[in-house]
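Colleague: I would like a close look at one part of this model, namely the way its helices pack against one another, and at the residues that lie in or around that packing. Could you take me through it in one connected account?

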Amino acid sequence: MKRYIIILTILSAGIFTSQGQTDTIRFTLGECIDYAFANSYDRQSMEVNVRQQEETLRGAKLAYAPSISASIGENLNHQGTSDDVNFGGSANIGANLTLYNYNTLRNIEQQKIMLRQTQYQNEQYDQNLIINIIREYVTVIGEMELIKYQEKIVSTSEQQVTEGEKKYRLGAILESDYLLLEAQHATNETNLLDSKNSLENSLLELKILMSMDPTKPLALELPSDETIEGLKTLPSRDFAIEQGLKNMPSMHLTETSLELARQGLKVAKGGYVPTIGANAQIGTSHNNFENFGEQLKNSFSQSVGISVSIPIYDRSQTETQVRKAKLSIQQAELDKQQTELDVKNTMAQAYTNVETSLAKYNSTTKKYQAWQKTLDAYNAKFRLGAITTVDLLQQENNYISALNEYIQAKYKFMMEREVLNVYMGE
């Protein structure tokens, strides 16, 4: 997984800001992902699995190394009623070497494939983790932007209440109009409080994904409008699907499963193949300790040999294993075809999600800008007494509705766009 490439383009320059707290941890999105990788116990466990598989492969390769053993012994012998006690001893060094073992070779190939399979499983975990972090990260910055606007709305409605109170005391507006302004201000304050609570919950979810201490403060910096605009350039649908087929870990996993099935057939056929080995040994012995050196010299022996083990008949067990291995290959090929179809569907859906969210983002942007200008005009008219409080609040509610739609669409597009990038391996 090219995790350093998939960092959100729009946030590559962003950092966490303390918002008045000097001890707030500061991270870019890339650092969030790196922090999660470094602190996730599940991921560390999976990395241990990779190292274990590396050791298994190393052990499989050492099966071709010679085995060497030595023995030395002294014996005390006594026979019958004689008082004679004899001492004897021997010393030997032997070595065995596998010259050709078909199944050992196949096992090495299997372990290589299994190592790659374990690595792809880690990549799949990483991909899912990254996507979850992106989604929660974008949720947080969306809520932060909403709060920024809501604070302005609360400030504006507070001014409206102050001005309304003056007009009411002067008799310029009715008491009911003044109460409507107070009610709207209270509603705006409640909405702001709800958004802040939602932000805290989302930050907690992000910390959980990062395996971070939930008591540590965390805040994010909003991206600029210019960087968001840069995301609107889309690759072609066909290119996106092609990249997904090349880079999705699920495709790599199903390919290694097919490779393992093919190796399984080769292993099964190994029951037909002879095994060739070599051995060598040197040794000496003695009986009692008279002329000890001469005894060792005269008893010194050497031997070397080659052995061939030829399978002849194993009650058709090898033939049965071969047939089962061929069926496993067929199943693995079907699984690969299904996975390829699933990946194509996933990529097509992800691309459609980007197109749909982009279209909605563009339309809600226009709608929001229109209602913003309308509200500015109505605020000016209200200050001049040209419209009623009801007219003003109706336009304000329209603006708030458009604002919510705009922010949701904006960050929905950002999320879908970056998820597509992750699927493409970028």
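Modeller: What follows goes through the helix packing pair by pair and then turns to single residues. The model is a predicted one, and the account below should be read with that in mind.

Two packed helices are described by the angle between their axes and the distance between the axes, and helix α3, spanning residues 102-170, is a convenient place to begin. The axis of α3 comes within 10 Å of the axis of helix α10, residues 389-424, and the two cross at roughly 165°. An angle over 145 degrees counts as roughly antiparallel, and α3 and α10 are therefore roughly antiparallel to each other. The crossing in which α3 passes α10 is right-handed. Sorted by class, the residues in the contact of α3 with α10 are 20 nonpolar, 4 polar and 5 charged.

Helix α3 also packs with helix α2, residues 41-61, and here the axes lie 9 Å apart at an angle of about 170°. By the cut-off already given, α2 and α3 are therefore roughly antiparallel to each other. The class composition of the contact of α2 with α3 is 8 nonpolar, 10 polar and 7 charged residues.

Gln121 is a residue of helix α3, and with a relative accessibility of 37% it counts as partly exposed. Once its neighbours within four places in sequence are left aside, Gln121 is in contact with Met46 and Leu253. The C-alpha atom of Gln121 is also separated by 7.2 Å from that of Pro249, although these two residues are 128 residues apart along the chain.

Helix α7, residues 249-269, holds Gln263, whose relative accessibility of 8% means that Gln263 counts as buried. What does Gln263 touch, if residues up to four places away in sequence are not counted? The residues touched by Gln263 are Arg106, Glu109, Gln110 and Ile113.

Helix α6, residues 237-247, can be examined through its buried residues, which are Ala240, Ile241, Gln243 and Gly244. These residues cover an arc of only 165° around the axis, and they are therefore on the same side of α6. Among the elements that cover the buried residues of α6 are α9, which runs over 317-383, and α10.

The packing of α6 with α9 can be described in its own right: the axes come within 9 Å and cross at roughly 140°. Since an angle counts as roughly antiparallel over 145 degrees and as roughly perpendicular from 65 to 115, the crossing angle makes α6 oblique to α9. As α6 passes α9, the crossing is right-handed. On the α6 side, the contact is made by Arg237, Ala240, Ile241, Gly244 and Leu245, and on the α9 side by Glu340, Val343, Lys344, Met347, Ala348, Tyr351, Thr352 and Glu355. The residues of this contact of α6 with α9 divide into 7 nonpolar, 2 polar and 4 charged.

Around these helices there are also a loop and two strands to consider. Ser211 is placed in the loop between α4, 175-209, and α5, 225-230, and at 31% relative accessibility Ser211 counts as partly exposed. Most residues other than glycine have a negative phi. Ser211, although it is not a glycine, has a positive phi of about 55°.

Of the strands, β2 covers residues 85-100 and includes Phe87, which is partly exposed, with a relative accessible area of 37%. Setting aside neighbours within four places in sequence, Phe87 is in contact with Asn75, Leu76, His286, Asn287, Asn288 and Phe289. For His286, one of these contacts, the C-alpha separation from Phe87 is 8.2 Å, and the two residues are 199 residues apart along the chain.

Strand β4, residues 301-309, contains Val304. Is Val304 buried or exposed? With a relative accessible area of 71%, Val304 is exposed. When residues up to four places away in sequence are not counted, Val304 touches Asn279 and Ala280. Val304 and Ala95 are 9.3 Å apart in space, C-alpha to C-alpha, and 209 residues apart in sequence.

Methods. Residues are numbered from 1 along each chain as its sequence is written. This is a predicted model: local features need pLDDT of at least 70, side-chain atom pairs count only at pLDDT 80 or more; totals for chains, interfaces and linings use all residues. Side-chain values use heavy atoms; hydrogens and water are left out. Axes are lines fitted to C-alpha atoms, for helices over the stretch in contact, and angles run from 0 to 180 degrees between N-to-C directions. Helices (H or I, at least four residues) and strands (E, at least two) are DSSP runs, numbered from the N terminus. Angles under 35 degrees count as roughly parallel, over 145 as roughly antiparallel, 65 to 115 as roughly perpendicular and the rest as oblique. A crossing is left-handed if the near helix is turned anticlockwise from the far one by less than a right angle, and right-handed if clockwise. Ala, Val, Leu, Ile, Met, Phe, Trp, Tyr, Cys and Pro count as nonpolar, Asp, Glu, Lys and Arg as charged, and the others, Gly among them, as polar. Buried means under 20% relative accessible area, exposed over 50%, partly exposed in between (1.4 Å probe, protein chains only). Contact means heavy atoms within 4.5 Å. The arc is that of the directions from the helix axis to the C-beta atoms.
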